[in-house]
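Reader: Hey, I'm new to this one. Can you walk me through it?

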Amino acid sequence: MATLEKIRSKSVLLIVVIGLALLAFIIGDAITNSRNLFGEQTTVAKVGGTKIEYNDYVKKREELNAQLENARRQNPAQFANYDTQVLSQMALDQLMGEALLDQAADNAGIRTSSSQLSYYILQQPLNPRVNEIIQQLNVAGYGVSTPAQAYEIIFNPKRNGVTEAEMAPFQKYWVGMEAETAQMIRRNTYQRLLMGTVRANDLDKKALYNDYVGTKNVDIAYKPFGNVSDEKYAPTDKEIREEYENVKNNYKVDELTKEIAFIAVNIAPSDADRQAASQLAKQTASALRSNDATVNKDLRKEGVVVTHRQLREEDLPRGAVKDFLTSAPKDSVEIVQENIQGFTVVKMGNKKMEIDSLQLNIVQVIGQGLVAETLQGLNTGVSIDSIASVVSVDSVFVQKEQWIPLFNAQGATGALEASQVDSLLNAGNKYISLVSSPQGSVLAKVTSKSSPVLIYEYDEVNYDLKPSTATVSDARTKLEDFLVANETAKLFAENAPKEGYSIRNIDLTASTPAVPRMAGMQSFYPDSRQVVRWVMIDGKPGQVSHIYESKDAMSPALYAAAVLASYDDYTPLSNSDVRSAVSDRVRKSKAGEELMGEYNSQTSTIETAAQAMGVEPRNNATFRFSRTPQVRDAAVMGQIAGSKPGNVVLVKGDSGVYAYKIESENTENFPYTESQYEQQYFQMINPNMGEMLKGAKQYKNNIYKFEAGD
């Protein structure tokens, strides 16, 4: 009762607090783009009760972006054309998988022990952030090479000659990494447990073994349907509907799906664009031959790019560029390439003999107080192998006979500055300080050097031909005129081919990263994510979009879409791909029935059946269940597996008509290895952990509600 009286006495205060909270909620809703006041305005996606919130989604997407940029720096050739449109859904998929794993691990009561944490950080690092910490320590001048060394200097700074303040940021980062690693261990533990539930029992393993050792000698004749005549076996609407009901489960969808008719207009340079590029090539060559001997800002505005190159002779690009450089006098200029992609102009520079690599002994010293002592020791006879013990084991790290490339296939590496190379070569077999900072120095000495090689120095001027603004504008005007005249999805789909537009029917969901170029392929039209957003958020069946434009300057494209249908249970028979597939099944079934009747009277032997089919029989083929390439239909394979030796059997499959006769049954003598069939069972089941975690829970993807519109 006392508690109740306290609540009553403070009722006015509670009303004020609730009112302020409600006001803040309403204001916040307006700020977040006026999303549904009583909806999940910050939930990007959810499976059952597991939600992914917007802030977590943004953080993960930024993290993936950073990883991609790092990958591009390290391997530009491989990642230069990586489609960033996939990152949003990739971020969401990763977060959902992690959230479902965390929830499952919580429900199972899984925890991370301190010994596990120590092992997966210090001995076998599970988290890539451990290496990031080591790298950052080295960048800051604290030489460490193992997680244990990193932990030592971070959490015992005074013992290692550094201050608490210097290590404070690293301590904070390490603590965060530990928490993250503990979570990763929990997830991995549950994942192993979950995968461990997919195990074969003794009957499963024995059945797989019996399927392998149990063979049949079978005579087979097979007549594939091939291209079945549409006119001869034309299906009726009733037959198509009935067959669709039989196979309807094959077309079940997990998310709201919208079928669109899609137009992509890829804009190529016009004849006028190509002529202008040819004139630009001549102007560029003339500018390089002039007194200024350079490309002026007006040419650069046109898209001309100048690159100064220094390449070894062996690395010169083959073809016209190399042919010109190896014979051209200094300051000569030539248009070495001109085609529909653009042009290349080269101006010859100097030829010189240079060393392209140095072998160094490198000694990294932590703490400026030890630099002079270390340098003196190395230059007065102390070997690199023993310098650490002479000075300080924990403060000196050595790399012996390390080759440093000064040139590679792309040109000068920049690994060492020219002044550093000169200093090393002129040091007279002595160690010098290459890099110095308040945290220490890097000392080095030349132990060997490569023979000089011929280096070509030249300017390469490139121009990539792209459609002009006028060309893009003309294509846009034509497409706009078409959309004005065809404002409904029906007119859009019917009249596009008449206007010369190639049209595709595509199924989209909120989980589609962008408009796919081909069905089942992870390749997407550039900048087409906004098309999917319009379709999933705004597009209603029958509506036509406005024009969307790819921002790829080199390969501009225009897009337009019309929504044909929307469904969230099964892809309907009205879908052109579904109707085509079902109609094809009906045609083949009708053709099979006719062929069965035609061949039925001629199956006294496999030879007569094969002759009637017009094919060559395969006699005495060894049949193993699910391992016989001569049988392509699962139902026929099952029928043969269950048959006994006897007469010729005629059967209709999905892909053709089979005649088979089992001559004998055999059991081969192979040893039974339990582990082998355990593994085969797992491979056959091929469990999908994501689907196992999701189970029958409903999936709701709101990702496009958080995308910027246009």
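Author: Sure, we'll go through a pocket, some salt bridges and some aromatic rings. Keep in mind that this is a predicted model.

Reader: Okay, pocket first. What volume does the largest pocket have?

Author: The largest pocket comes to about 940 Å³. It is lined by 26 residues, and the closest to its centre are Lys60, Glu63, Glu98, Arg129 and Glu180.

Reader: Which elements give two or more residues to that lining?

Author: Strand S2 (50–53) does, along with helices H3 (54–74), H5 (87–108), H7 (129–139) and H9 (164–196). H3 gives the most, with 8 residues.

Reader: And how does the lining divide into nonpolar, polar and charged?

Author: There are 8 nonpolar, 6 polar and 12 charged residues in the lining.

Reader: Which residues are linked in a network of salt bridges?

Author: The network links Lys60, Glu63, Glu98, Asp102, Arg129, Glu132, Glu180 and Arg187. Lys60, Glu63, Glu98, Arg129 and Glu180 are also the residues closest to the centre of the largest pocket.

Reader: Nice. How many salt bridges does the count come to?

Author: The count is 39 salt bridges. One of them joins the side chains of Asp106 and Arg186, at 2.4 Å from N to O. That pair links distant parts of the chain, with Asp106 in helix H5 and Arg186 in helix H9, 80 residues apart.

Reader: Is Arg186 buried or exposed?

Author: Arg186 is buried, because its relative accessible area is 9% and buried means under 20%. Asp106 is at 44%, so Asp106 counts as partly exposed.

Reader: Got another salt bridge for me?

Author: Glu549 and Arg476 meet in one at 3.1 Å, N to O. Distant parts of the chain are linked here too: Glu549 is in strand S16 (residues 548–549) and Arg476 is in helix H18 (residues 469–485), 73 residues apart. Glu549 is partly exposed at 35% relative accessibility, and Arg476 is partly exposed at 27%.

Reader: What about Asp538 and Arg533?

Author: Their side chains form a salt bridge too, at 3.8 Å from N to O. Arg533 is buried, with a relative accessible area of 13%, while Asp538 is partly exposed at 36%.

Reader: Switching topic: how many aromatic pairs are there?

Author: Searching the whole structure gives 20 aromatic pairs. Among them are Phe79 and Tyr82, a tilted pair with 6.3 Å centre to centre and 50 degrees between the planes. Phe79 is partly exposed at 21% relative accessible area, and Tyr82 is partly exposed at 30%.

Reader: Why is the pair of Tyr525 and Tyr559 edge-to-face?

Author: Their planes are at 65 degrees, with the ring centres 5.8 Å apart, so the pair is edge-to-face. The cut-off for that is over 60 degrees.

Reader: Where do those two sit in the chain?

Author: Tyr525 is in the loop between strand S15 (503–508) and helix H20 (529–538), whereas Tyr559 is in strand S17 (residues 557–567). They are 34 residues apart, and the pair links distant parts of the chain. Tyr525 is buried at 10% relative accessible area, and Tyr559 is buried at 0%.

Reader: Which charged end sits over the ring of Tyr525?

Author: That of Arg517, 5.0 Å from the ring centre. In another case, the charged end of Lys252 sits over the ring of Tyr570, 5.3 Å from its centre.

Reader: Last one: which residues form one aromatic cluster?

Author: Tyr54, Tyr57 and Phe706 do.

Definitions and conventions:
Residues are numbered from 1 along each chain as its sequence is written. This is a predicted model: local features need pLDDT of at least 70, side-chain atom pairs count only at pLDDT 80 or more; totals for chains, interfaces and linings use all residues. Side-chain values use heavy atoms; hydrogens and water are left out. Rings of Phe, Tyr and Trp (its six-membered ring) pair if their centres lie within 6.5 Å; planes under 30 degrees apart count as stacked, over 60 as edge-to-face and the rest as tilted. Buried means under 20% relative accessible area, exposed over 50%, partly exposed in between (1.4 Å probe, protein chains only). Helices (H or I, at least four residues) and strands (E, at least two) are DSSP runs, numbered from the N terminus. A charge sits over a ring if NZ of Lys or CZ of Arg is within 6 Å of the ring centre and within 35 degrees of the ring normal. On a 1 Å grid over the protein atoms alone, a cavity is a set of points where a 1.4 Å probe fits but cannot get out, and a pocket is an open set with protein on both sides within 12 Å along at least five of seven lines; lining residues have an atom within 4 Å of a point. Grid points are joined across faces, edges and corners, and a volume is the space filled by probe spheres set on the points. Ala, Val, Leu, Ile, Met, Phe, Trp, Tyr, Cys and Pro count as nonpolar, Asp, Glu, Lys and Arg as charged, and the others, Gly among them, as polar. A salt bridge is a side-chain nitrogen of Lys or Arg within 4 Å of a carboxyl oxygen of Asp or Glu.
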